[in-house]
Amino acid sequence: MLGRPSELFLEEQPYEGEAEEQQVLEAAVILVICVAIVITNVLIVWAVATSPSPKEAIDLYVLSVAVADLLAGVCIVPLSIYPAIVREWVYGDLVCRLTGFLSLTLFSVCLYTFMWMSVDRYLAIRKPLRYDVIQTRTRCQCWMVFTWLTSLFLCSPPLLGFSKGNFYEEGHICMLDLGNMIPYSITLAVLVLAPSVLTIGYTYFFILGTMYRLRKCLTKEERDYATAISENLSNPDHLMSFVLIVLFCITWMPWFVFRIYEVASLDQMTDYDPQDYHALHFWLLWLGITDCIWKFFVYLTMSPKFRLSLKWLCLSLCCRTPTRQPLIV
């Protein structure tokens with residue numbers, strides 16, 4: 001009888017060791033993601049901002065998304081490293097609410113920016129002769145300022161005390177508790193999610209449909225129209241912006257679907273414990289956050305202009321500054 005407690009203690013030791021290893025592994029994964037987000041988005045901002053080529057509308061949208069991702073990598077992701085080890089939020093409720101507010105704001109900024117990016121590509125195809133007049137640099141800058149101010153305004157009510165921070169323990173990140181603010185949550189979805197999704201769907205349906213029709217036999221009138229927009233359709237930014245949006249959906253959709261399914265079926269699960277699905281919560285959430293990293297590789301593989309800007313930046317850092325010539329892509 002005296003030997004049994006010690007045997008039980010020895011049996012529990014490996015389990016505790018495995019738990020500690022899992023905590024260290026998750027903290028290391030978050031640290032790697034944090035460093036990757038900061039490095040890739042600093043390169044994006046630096047390369048686009050210092051590019052010798054004239055700034056186009058899509059460059060401003062790329063900068064907006066990169067700044068939002070960089071803020072996430074600097075202000076949000078690092079705060080999850082230590083909680084991943086101790087399994088609790090240690091920075092207080094105010095920081096938790098600020099983190100949730102900033103996360104919601106940056107998510108709204110990305111959605112709105114993708115919407116403006118799709119509108120920009122739509123105008124390049126729909127009105128090719130008037131595109132430069134419609135999409136001026138000043139007008140695009142105003143749209144970006146409007147986007148950031150609108151996102152800050154729409155996401156600010158929970159920060160004023162109407163909602164408290166909620167530590168999402170399975171993902172080691174603080175979010176705003178919007179469950180007790182159903183009318184506000186619905187309003188936010190209507191003002192941010194609905195217009196973004198509808199606009200992106202309509203514009204890219206038109207762009208991809210136009211590309212498909214140009215590959216078919218055309219009438220004389222259609223050939224004249226195709227000649228007018230063929231130069232704009234050959235721009236790789238159309239496909240690149242579409243891939244960015246699809247990648248955003250692919251990385252975030254699994255976590256959203258899982259959370260919706262979890263909430264919908266919670267009443268039917270009498271013995272449900274979130275810790276049983278801890279790994280699924282963690283990996284799906286941080287898969288979505290890695291979208292901040294993959295954009296860099298999309299730009300690198302699909303944008304000749306970004307590659308030339310990055311090359312010019314690397315040469316400048318190596319003290320072999322080339323002559324500031326406009327980039328011709």
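D69 is buried, and K295 is buried too, where buried stands for under 20% relative accessible area, exposed for over 50%, and partly exposed for anything in between (1.4 Å probe, protein chains only). These two residues form a salt bridge, with their closest N and O atoms 3.0 Å apart. By salt bridge we mean a side-chain nitrogen of Lys or Arg within 4 Å of a carboxyl oxygen of Asp or Glu. Side chains of opposite charge can pair when their charged atoms come close. The D69 and K295 pair links distant parts of the chain: D69 sits in helix 2 (residues 57-76) and K295 in helix 11 (residues 291-302), 226 residues apart.

Before going on, keep in mind that this is a predicted model, where local features need pLDDT of at least 70, side-chain atom pairs count only at pLDDT 80 or more, and totals for chains, interfaces and linings use all residues. Residues are numbered from 1 along each chain as its sequence is written, and side-chain values use heavy atoms, with hydrogens and water left out.

Now step back to the whole chain. The secondary structure comes to 12 helices and two strands; here helices (H or I, at least four residues) and strands (E, at least two) are DSSP runs, numbered from the N terminus. Follow the sequence and you meet the pattern α-α-α-α-α-α-β-β-α-α-α-α-α-α. The protein chain has 329 residues, and 42% of them count as buried.

The UniProt record (an unreviewed entry) places the feature "transmembrane region" at residues 27-48, 60-81, 101-119, 140-162, 182-207, 239-261 and 281-302. UniProt positions are given in the numbering used here, feature names are shortened, and annotations may be inferred rather than shown by experiment. What does the model show over residues 27-48? That stretch is 100% helix and 0% strand, with its end C-alpha atoms 32 Å apart. Residues 239-261 are likewise 100% helix and 0% strand, and the C-alpha atoms at the ends of that stretch are 32 Å apart.

Back to the charged pairs: the structure holds eight salt bridges. One of them joins D93 and R97, whose closest N and O atoms are 3.4 Å apart. Both residues lie in helix 4, four residues apart, which is about one turn of the helix. How covered are they? D93 has a relative accessible area of 41%, so it is partly exposed, while R97 counts as buried because its value is 18%. Another salt bridge brings together the side chains of R121 and D120, at 2.6 Å from N to O. R121 is buried, and D120 is buried as well. There is also a network: salt bridges that share partners join E56, D59 and K305.

Next, the surface. R126, K127, R130 and R213 form a positive patch there. Patches are made of residues with over 30% relative accessible area and no salt bridge, with like charges joined within 9 Å and nonpolar side chains (Val, Leu, Ile, Met, Phe, Trp, Tyr) within 5 Å. K127 lies in the loop between helix 4 (93-126) and helix 5 (131-134), and it counts as partly exposed because its relative accessibility is 36%.

A nonpolar surface patch of about 330 Å² is made by Y82, I85, V90 and Y91; accessible areas come from the Shrake-Rupley method with a 1.4 Å probe, and for residues only the protein chains shown count as cover. V90 is found in the loop between helix 3 (81-86) and helix 4. With 38% relative accessibility, V90 is partly exposed.

R87 is in the loop between helix 3 and helix 4 as well, and its phi is near 65 degrees, a positive value in a residue other than glycine. R87 has a relative accessible area of 18%, so it is buried. Look also at H172, in the loop between strand 1 (165-168) and strand 2 (173-176). Phi of H172 is near 60 degrees, again a positive value in a residue other than glycine. Is H172 buried or exposed? H172 counts as buried because its relative accessibility is 0%.

Last stop: L198, in helix 7 (residues 182-214). At 62% relative accessibility, L198 counts as exposed. Its C-alpha atom is separated by 8.9 Å from that of M115, and the two residues are 83 residues apart along the chain.

Methods
Lys, Arg positive; Asp, Glu negative; His and termini not counted. Charge placed at Lys NZ, Arg CZ, Asp CG, Glu CD.
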